[in-house]
Amino acid sequence: MQIQRDDWQQEVIEAKGDILVAKGRRIGATHIMAEKAIEYLMNHKNNHPSSQIVCVSLTEDQAKLIILFALQYAETKYKKYIGKGHDKPQLNKITLIVNKNKRILMARPVGNTGDAVRGFEGQILMVDEASRMPHLFWVAAKHILLTTGGKIWMWSTFHGKEGYFWDKFNEAYNKKDPKARFKVWLKDSEEIMHN
């Protein structure tokens, strides 16, 4: 099946490492990150047969939306791998069964403090509306990757010039620091709509 994507979206799908998408509204970033999550779970190679992506958002509705987008993509491209029975898709989780191993995309709303992310582990931490995540969220969330050496994929509209999202964007995009952790895409709504 052929999926139609903009060039920048295909670049994001194929990118390795830590990813930051600074964006305007309604450009398809959440869709593309949901697709990237499914592609990662289906195709990555690591030392663990099973993998988990923890995707966080501020609200429960946003978390469910990410799962919905990911499930739609998985049903289109990888239907036979979607878990059944106890592993069937839920509002906050998709399980793919690949070579008899579970690969999980879990979505968590984290609220104003970010404490709801504590206690989870994963190879990828996906952060929706990352610019609005409070400092305490980042303190708690980075431990998700502590034992896995995992990556952060984050996307957001801007919310001022402060916080982790802005700091990492500024370091990589504006200052062009060669040691910057994140590969950055800057896409505004007008550019996407006209091109």
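Asp87 is located in the loop that connects α3 (60–77) with β3 (93–98) in this predicted model. Because buried residues are those under 20% relative accessible area, Asp87 counts as buried at its relative accessibility of 16%. The side chain of Asp87 forms a polar contact of 3.1 Å with the side chain of Lys102. When neighbours within four places in sequence are set aside, the contacts of Asp87 are Thr95, Ile97 and Lys102; Lys102 is thus both a partner in the polar contact and a member of this set.

Strand β1 spans residues 18–23, and 6 of its 6 residues are buried, so the strand is largely enclosed by the rest of the structure. In a regular strand, side chains alternate between the two faces of the sheet. In β1, Asp18, Leu20 and Ala22 point one way, whereas Ile19, Val21 and Lys23 point the other way, and all of these residues are buried. Pairing of β1 was found with two strands. With strand β7 (residues 182–187), β1 pairs in the parallel sense over 6 bridges, and within this pairing Ala22 stands opposite Leu186. With strand β6 (residues 151–156), β1 also runs parallel, the two being joined by 4 bridges; here Leu20 is placed opposite Met154.

The nonpolar interior was examined next. The largest nonpolar core comprises 37 residues, and the residues with the most contacts inside this core are Leu96, Leu105 and Met126. Helix α2 (residues 29–43) makes the greatest contribution to the core, supplying 9 residues. Apart from this core lies another, of 27 residues, which includes Val54, Ile104, Trp138 and Trp166. The surroundings of Met126 were also listed. Beyond its neighbours within four places in sequence, Met126 is in contact with Met33, Ala34, Ala37, Ile53, Val54, Cys55, Val56, Leu105, Trp153 and Trp155. Among these contacts of Met126 is Leu105, itself one of the residues with the most contacts inside the largest core. Val54 is also in contact with Met126, although Val54 is listed among the residues of the other core.

Confidence in the prediction was assessed for the chain and for its elements. The mean pLDDT of the chain is 86, and 89% of its residues reach 70 or more. Within the chain, confidence is highest in helix α5 (residues 163–174), with a mean of 95, and lowest in helix α6 (residues 189–194), with a mean of 64.

Notes
Residues numbered from 1 in each chain as written. Predicted model: local features only at pLDDT ≥ 70, side-chain atom pairs only at ≥ 80, totals over all residues. Heavy atoms only, no water. Core = buried A, V, L, I, M, F, W, Y, C linked by side-chain atoms within 4.5 Å. Buried < 20%, exposed > 50% of the residue type's maximum accessible area, 1.4 Å probe, protein only. Contact = heavy atoms within 4.5 Å. pLDDT = per-residue confidence, 0-100. Pairing = 2+ DSSP bridges. Polar contact = N/O pair within 3.5 Å; in protein donor to acceptor, adjacent residues only side chain to side chain.
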